[in-house]
Amino acid sequence: MKSEKHLVSGPQTPTGDCCGRAHAAHAPVPAAAGTAGRLFRIASMDCSAEESDIRRALEPVTGIRSLGFQLGARTLRIVASEEAYTPALEAIRKAGFDPHPVLAGPAAQDGARVHEVHEHEHGHSHEGGFDSGGGIRLAAALALAAGAELVSFFAPELLAWKITGMAVAALAIALAGLDTYKKGLAALLRGKLNINALMSVAVTGAFLIGQWPEAAMVMALYAIAELIEARAVDRARNAIKGLLDMAPEEALMRGANGTWLATPVAAVPLEAVVRIKPGERLPLDGVVTAGSSAVNQAPITGESIPADKEPGDSVFAGTINETSEIEVRVTATAGNTTLARIIYAVEQAQGSRAPTQRFVDRFAAVYTPAVFAIAVAVAVLMPLLGGLTWQESLYKALVLLVIACPCALVISTPVTVVSGLSAAARRGILIKGGTYLEQARLLKAVALDKTGTLTEGKPRLVDWRAWGNADASMAAQLAADMASRSDHPVSKAIAAGLSVEAADVQAFRAFPGRGVEGVIGGKRLVLGNHRLIHERGLCEVALESELALHEQQGRTVTLLADDVRVLALFAVADTIKQSSRQAIADLKALGVTPVMLTGDNAATAQAIAAQAGIDDARGDLLPEAKLTAIQQMQQRYGITGMTGDGINDAPALAQADIGFAMGGAGADTAMEAADVVIMNDNLERVAETVRLSKRTHTILWQNISLALGIKGIFLVMAVFGTATMWMAVFADMGASLLVVGNGLRLLRKQNP
């Protein structure tokens with residue numbers, strides 16, 4: 001069964017790296033997330049394993065109604081009875097985590113930003129970074145570990161030096177691994193074998209059997225490599241966070257007395273008017289009320305070519321006003337702009353588990369206990385069966401414990417999925433979860449709506465001619481005069497296409513469903529459809545043949561006539577987008593069959609399909625019929641997508657395995673209805689999504705193979721060869737860094 005598709009969803013199980021510890025930049029907490037409960041930041045909560053630890057720690061606490069984890073922001077929202085918060089926080093601390101309450105300022109109330117009590121945007125986290133006290137601490141630990149190695153090498157037999165070396169090693173372990181020990185002990189007390197528990201046992205065991213220099217160096221290298229890995233993972237998590245910085249924090253708002261005041265964006269109300277100077281970013285969504293300019297909409301649509309904006313046009317927060325000053329009437333508050341909804345949607349997508357990740361998590365849950373059991377067997381049986389001393393076999397077992405860490409395996413999937421989601425968002429493709437990112441590669445067919453998807457969605461004058469011996473220039477002038485008085489889309493298209501300055505029309509009246517009539521220069525004229533002209537007895541065989549040719553091409557023909565004859569005919573059509581032909585060719589090249597589904601008549605459907613290169617076009621379909629067509633396509637082809645506007649095509653979008661909504665910029669319904677939102681209305685993005693999905697899948701399995709392959713090699717070496725703890729920790733963290741770096745390749749600036 002397909003999952004529900006909403007831009008704003010409830011708490012999700014987040015993904016993350018296995019052991020990362022670096023401070024993550026703040027993510028917005030949208031208004032849609034709700035204000036119920038309390039929000040806490042847990043700086044060292046990084047991965048699904050640690051989320052599970054916290055969930056288990058909170059299970060005995062009564063009064064908790066729901067838990068909402070967001071690893072991108074390292075936050076936990078607890079909704080509970082008032083008396084449950086104190087025991088809940090105590091349980092989290094006993095599990096080895098340090099929760100801090102998050103206070104929301106005015107902007108956060110609108111869903112824009114979060115202001116924390118205990119940490120600043122670039123301050124140090126619980127563990128610290130290279131630019132904080134944590135970096136100094138880890139550097140000192142590494143220096144002390146190197147000192148312990150030197151003491152062991154140059155004076156291994158001298159008791160005084162040995163005691164000194166052990167003290168130096170113990171200090172290095174304490175500096176580098178205090179937090180690891182805290183979490184490891186908490187995990188062991190609950191019978192949980194996580195990375196902290198494994199490292200705590202391995203380092204302690206090595207120290208006790210006399211390998212104290214190696215124990216110190218392993219812990220120091222582990223902590224440093226872990227921090228490097230965490231910073232790399234944060235790059236993937238926060239790739240979309242840069243969008244947040246694109247919207248300025250202040251807006252120049254017009255006050256009640258007409259003066260312009262610099263006002264915090266969060267305090268700007270709906271319908272306020274703000275002024276944006278050339279070179280500035282737009283602070284909020286709105287409609288241009290004064291001025292005209294070129295606006296770079298790349299942050300929203302992924303298209304770098306500026307769009308011309310004039311009064312009446314919509315603009316979006318975070319876009320760049322390039323040429324002239326404009327004034328904008330605000331249509332969305334800070335937390336509800338298109339930019340804010342994109343950020344939140346990507347964060348929610350990052351918090352959902354992809355199918356491959358669920359598989360890896362299940363595998364890791366079996367893998368770690370299995371290797372731990374092998375380690376115990378090696379420690380107990382090797383002295384009895386293999387001729388090793390107890391100390392040698394115990395050392396091999398400790399090496400196996402380090403190898404048992406599932407970090408590289410667990411991290412191999414989320415960093416890749418998050419990178420893929422962020423890369424798509426940069427291209428104006430909003431994918432609402434790793435499931436759809438992975439599934440897109442399996443698409444066998446895509447149903448395409450016509451209006452607004454394959455075509456522009458706006459009628460244009462595509463052809464016209466004077467009829468009989470009528471004067472062409474005079475006919476054009478008269479038609480423009482008549483068309484300019486009507487609000488009908490076809491009349492507007494004729495007036496715009498002729499580009500003739502219109503004159504006054506007397507006795508103007510409309511015939512609903514037929515056309516209009518008026519008097520120009522004392523002469524009565526009509527501008528109407530085939531039916532109106534036929535009713536007036538002005539049709540002839542040659543004209544009927546001409547009309548049939550246009551209608552076969554899917555055009556709507558309007559005729560200009562006086563009381564005795566037809567003067568001219570004007571063909572209007574919804575023209576195909578320039579990108580549609582290439583988009584269809586790209587889909588076919590990927591092995592995806594395009595099918596047009598439209599409510600327009602069959603002739604129009606066939607005409608547009610022929611222009612786009614689509615072989616299968618079905619017309620005269622109501623929304624329910626489109627749903628049935630999707631079901632038929634699923635039976636015939638398999639995995640099927642649907643591309644539409646997210647409103648009229650809602651039933652078909654819901655039935656399809658993946659729904660693509662076109663033109664999502666500013667359209668709430670489109671962003672909520674589909675699994676993938678194409679923000680810039682470019683159909684070529686559908687094929688790009690498929691290509692990105694294929695690349696993501698390839699990198700996912702490269703990472704899994706790397707992680708398992710390296711683990712397997714060192715597992716064999718540890719049991720039968722000469723693998724050391726040094727080698728084990730380098731193998732473990734090296735594999736983690738490899739899979740992180742490989743996953744980050746998706747963030748490179750290239751077309752998917």
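**Close-up views of a predicted model**

**View 1. Helix α19 and its surroundings.** Spanning residues 541-552, helix α19 has 12 residues and runs 17 Å from its first C-alpha to its last, close to the 16 Å expected at 1.5 Å a residue. As in every view here, the model shown is predicted. Look for L543, E546, L547 and H550, the buried residues of this helix. Down the axis of α19, these buried residues fall within an arc of 100°, so they line one face of the helix. What covers them? The cover over the buried residues of α19 includes strands β17 (455-466), β21 (556-561) and β22 (566-576), along with helix α18 (530-535). On the face turned away from the buried side sit the exposed residues V541 and Q552. Just after the helix, G554 adopts a positive phi of about 80°.

**View 2. Helices α13 and α26 side by side.** Here helix α13 (residues 414-426) packs with helix α26 (residues 725-744) at an angle of about 15°, their axes 8 Å apart. Because angles under 35 degrees count as roughly parallel, this pair is roughly parallel. The crossing of α13 and α26 is right-handed. Three residues to find on α13 are V415, T416 and S419, which make the contact with V739, V740, G743 and L744 of α26.

**View 3. Helices α25 and α26 together.** Helix α26 also appears in this view, now with α25, at an angle of about 170° and with the axes 9 Å apart. Are these two helices roughly parallel or roughly antiparallel to each other? With angles over 145 degrees counted as roughly antiparallel, α25 and α26 are therefore roughly antiparallel. On the α25 side, the contact is made by I699, Q702, N703, L706, I710, K711, F714 and M717. Their counterparts on α26 are M727, A731, D732, A735, L738, V739, N742 and G743.

**View 4. T689 within helix α25.** T689 lies in helix α25, which covers residues 684-720. With a relative accessibility of 2%, T689 counts as buried. Leaving aside neighbours within four places in sequence, T689 is in contact with I429, I431, A440, F660 and V676.

**View 5. The loop residue T598.** T598 belongs to the loop between β23 (593-597) and α21 (602-612). Is T598 buried or exposed? At 2% relative accessibility, T598 counts as buried. Not counting residues up to four places away in sequence, T598 touches D449, K450, A605, R618, G619, D620, L621 and K626. Among these partners, K626 is 28 residues away along the chain, and its C-alpha is separated from that of T598 by 7.9 Å.

**View 6. Two loop residues with positive phi.** Most residues other than glycine have a negative phi. E271 is not a glycine, yet has a positive phi of about 70°. E271 sits in the loop between β7 (260-264) and β8 (273-276), and at 51% relative accessibility counts as exposed. D620, also not a glycine, has a positive phi of about 60°. D620 is found in the loop between β24 (616-618) and α22 (623-636), where its relative accessible area of 52% makes it exposed.

**View 7. The whole chain for orientation.** Stepping back, the chain holds 26 helices and 27 strands. Of its 752 residues, 55% are buried. Among contacts with a separation of 6 or more, 70% join residues 24 or more positions apart.

Terms used. Residues are numbered from 1 along each chain as its sequence is written. This is a predicted model: local features need pLDDT of at least 70, side-chain atom pairs count only at pLDDT 80 or more; totals for chains, interfaces and linings use all residues. Side-chain values use heavy atoms; hydrogens and water are left out. Helices (H or I, at least four residues) and strands (E, at least two) are DSSP runs, numbered from the N terminus. The expected span of a helix is 1.5 Å times one less than its number of residues. Buried means under 20% relative accessible area, exposed over 50%, partly exposed in between (1.4 Å probe, protein chains only). The arc is that of the directions from the helix axis to the C-beta atoms. Contact means heavy atoms within 4.5 Å. Axes are lines fitted to C-alpha atoms, for helices over the stretch in contact, and angles run from 0 to 180 degrees between N-to-C directions. Angles under 35 degrees count as roughly parallel, over 145 as roughly antiparallel, 65 to 115 as roughly perpendicular and the rest as oblique. A crossing is left-handed if the near helix is turned anticlockwise from the far one by less than a right angle, and right-handed if clockwise.
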